[in-house]
Amino acid sequence: MTIFDAALLASTVRLFTPILLAALGGMFTARAGIFNVALEGMMLVGSFFAVAGVFWTGNPYLGLLLAVAAATLVALLFGYFVIEIKGDAVIIGLAINIFALGFTTYAMRLVFGVTGGYYDPSLEGLPDISLPIIRDIPVLGTMFSDHSILVYGAFVIVVLAYLFLFHHPFGLHLRAVGENPEAAGSLGIRVKRVQYVSVALCGILCGLAGAQLSISLVTQFVEGMTAGRGFIALVAVMFGQAHPIKILGASLLFGLAYAASLRLQGIGIPTQFVAMLPYVATLVVLIVTRIRPQRQSVKEQS
Amino acid sequence: MSMSADSPAKTQRIPSALIPILVVLILTIMALLIGAVAVAIAGKSPLLAIEELIRGAVGTRNNIAATLTRSIPIVICGLAATVGFKAGLFNLGLEGQMVVGALASAVTANALQGLPAIVLLPVTILAGCAAGALLALPAAWWQTRFNVPLIISTLLLNYIAVLFVSYLVNNPLRDLSGGAAVPQTVMIPEAIRFGVILSGTRLHAGIFALLILPPLLAWIFRRTRLGYQLRMTGLNPDFAAYGGISVQRMTLLAMAASGALAGLAGAVQVLGVDFRFIDNSLTAGGYAWTGFIAAILAQANPALVVVTGLFLAGLEVGAAGMQRNTQIPLQIADIVQAGIIFMIAVRQRVGQWLRHILLSEQRS
């Protein structure tokens, strides 16, 4: 049995999407000068409401919409406490994560009447879309066809984020606010507004990321199912130096770790070691690249 | 609100020292209100919920004992987080450190069970502390040497440590004699188990740690050179380095101490409650995270950690009782805890507002 083949790469593309989407969200807040450890909680809320949306409406796209709306609300809550109240971004971020875990578990009991996890075979997940021409190309077809709309969407968002960040006036404002809020403010840029937009964009992307986890990769919600992906995405932001194309590369690396972790199950290696792989890979990347944290919270700057 | 224009009131009937305490009280009540809203959303009566919650936490002798028992690992973890806070560090790896500490103490106790209890007990406790410290140290080293943010490395190490320990207790260290469904180690020798101090309950001698550790830590922070250096590092690393303090050494020391305390919490749980290491029993309890919140709520004051730890333990035990009697999910406790942290973020605003109201009342 070969470990490295097209199926592994297809699985990588599927599994790296949540990391990529959340990391792109983290990129916007990082560019606005906010150290955002709340990606995890925003994703988790997205995962829950994606499943709840499908449960209530029967339509996976409405589930997706609900996931985005809910995660954006949580992101704005984070934004309010960090931007308006000027609380410590790390503490507020951790509070968001604790809130997300408690709230989703609470709501799971209320909505589905279960604890631990909710699975129902009649729940309809996001359908896989087959790409007309690409699917017939030998390796690329296996890799890049038959994915959910979120996988294709993530690649499109990378391009859009690049254009937005470097070729749009708002992107310029965003970067200016992140580098020096006072200077940006004196130039007439509305600093708080820019920061709120960055936080909202982060929420939208984390909602998409959460939906990819809960109504595409699988169709179920499990307590705390993000399992550190928000933090891995945060590392992808730092490793990718808050640049969309570099973040794509970083996320691919972590996606490969997740895919390898799935593939190595059942060939004799204890499951616990296999499950460690993404976390170990992330730590190794952190240490090897000796990256500097972009730790400039709003509070420190103002 | 123009606070700065206020002239100092000459006849303050309410001393301003009380204001911080009033602020914490008000914030806690506001956080409980958030919980009440969540209960109302569930279509239940918030008043009933609070009544059941209080009854569950302190309503009977047994419930009080349960709250006290639960507060032991929470307070010790809170003290572990406090040591980190003092040095300006966020040790998010308490959970992993607690779990490796628990396993190390269970394994040590069983491996050396021939030793007399008077020797074996301290060795067992030290093994737990050492394991916790060993897991915390690499993160400190990576931060000082490679600029790896501690807050991320400690969090990732949690997953790795919990999985590794789970592997050990599922395979080489698993007790196969009893045929228990849950992976667990062999029970530790009876001679070193903590005794129950309130008959008919599970409240064990580990509660004395709550009386010994906070004064000890407060003394180290306030009265010793090392404590001073730690605090300076936390307040302003650049200034500390300028004053000749090695920030690297302080970071390593603070993380080792923090990890050791988290490991101690694990050891105490093995010695006093489980009498063996049981897979997932500590992570499912959520002690480490609650301890972290207790430390935030106590503003890194060791004595206050006991108060906040007891309060949060009561909240969780009470919520479990409330779930049994009212079907309101016990996770309401987590929502209230998150609410408390949000409220802490707004505390300065509330403090300003309170001072404003109190002072203007006294003037009129």
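**Backbone exceptions, helix packing and the chain interface in a predicted two-chain model**

N147(B) is placed in the loop that joins α5 (117-146) to α6 (150-170) of chain B. In this predicted model, N147(B) adopts a positive phi of about 65° although it is not a glycine. The residue counts as partly exposed, because 15 C-beta neighbours lie inside 10 Å and the range between exposed and buried runs between 12 and 20 such neighbours. A positive phi, near 60°, is also found at F275(B), again a residue other than glycine, and F275(B) belongs to the loop between α10 (247-274) and α11 (281-285) of chain B. With 21 C-beta neighbours inside 10 Å, however, F275(B) counts as buried, the threshold being 20 or more.

Within the helical part of chain B, V305(B) is a residue of helix α13, which covers residues 302-326. V305(B) is classed as buried because 30 C-beta neighbours fall inside 10 Å. When residues up to four places away in sequence are left out, the contacts of V305(B) are with V75(B), G78(B), L79(B), T82(B), P214(B), A294(B), A295(B) and A298(B). One of these partners, A295(B), is separated from V305(B) by ten residues in sequence, and the C-alpha atoms of the two are 5.7 Å apart.

Chain B as a whole contains 15 helices and zero strands. Its radius of gyration is 22 Å, close to the 21 Å that the globule rule gives for 364 residues, so chain B is as compact as a globular protein of that length. Taken along the principal axes, the C-alpha atoms of chain B occupy a box of roughly 75 × 60 × 35 Å. Buried residues account for 50% of the 364 residues of chain B, and 78% of the contacts with a sequence separation of 6 or more join residues 24 or more positions apart.

Chain A, by contrast, has 13 helices and two strands. The radius of gyration of chain A is 19 Å, close to the 19 Å expected from the globule rule for 302 residues, so this chain too is as compact as a globular protein of its length. The corresponding box along the principal axes measures roughly 60 × 45 × 40 Å for the C-alpha atoms of chain A. Of the 302 residues in chain A, 55% are buried, and among contacts between residues at least 6 apart in sequence, 76% link residues at least 24 apart.

Inside chain A, helix α2 (residues 39-57) packs against helix α4 (residues 89-111) at an angle of about 15°, with the two axes 8 Å apart. The two helices are therefore roughly parallel, and α2(A) passes α4(A) in a left-handed crossing. On the α2(A) side the contact includes L44(A), V45(A), F48(A) and F55(A), while the contributors from α4(A) include I96(A), F99(A), L101(A) and M108(A). By residue class, the contact of α2(A) with α4(A) consists of twelve nonpolar, three polar and one charged.

Helix α4(A) also takes part in the contact between the chains, to which chain A gives 36 residues and chain B gives 34 residues. On the side of chain A that touches chain B, α4, α10 (229-239) and α12 (271-289) each supply at least two residues. The largest share of that side, 13 residues, is provided by α4(A). The residues with which chain A touches chain B comprise 27 nonpolar, six polar and three charged.

Note on methods. Residues numbered from 1 in each chain as written. Chains lettered and ligands numbered in written order. Predicted model: local features only at pLDDT ≥ 70, side-chain atom pairs only at ≥ 80, totals over all residues. Helix = DSSP H or I, 4+ residues; strand = E, 2+ residues; numbered from the N terminus. Rg over C-alpha atoms; globule rule 2.2 N^0.38 Å. Contact = placed C-beta atoms within 7 Å. Axes fitted to C-alpha atoms, helices over the stretch in contact; angles between N-to-C directions. Parallel < 35°, antiparallel > 145°, perpendicular 65-115°, else oblique. Left-handed = near helix turned anticlockwise from the far one by under 90°. Nonpolar A, V, L, I, M, F, W, Y, C, P; charged D, E, K, R; others polar.
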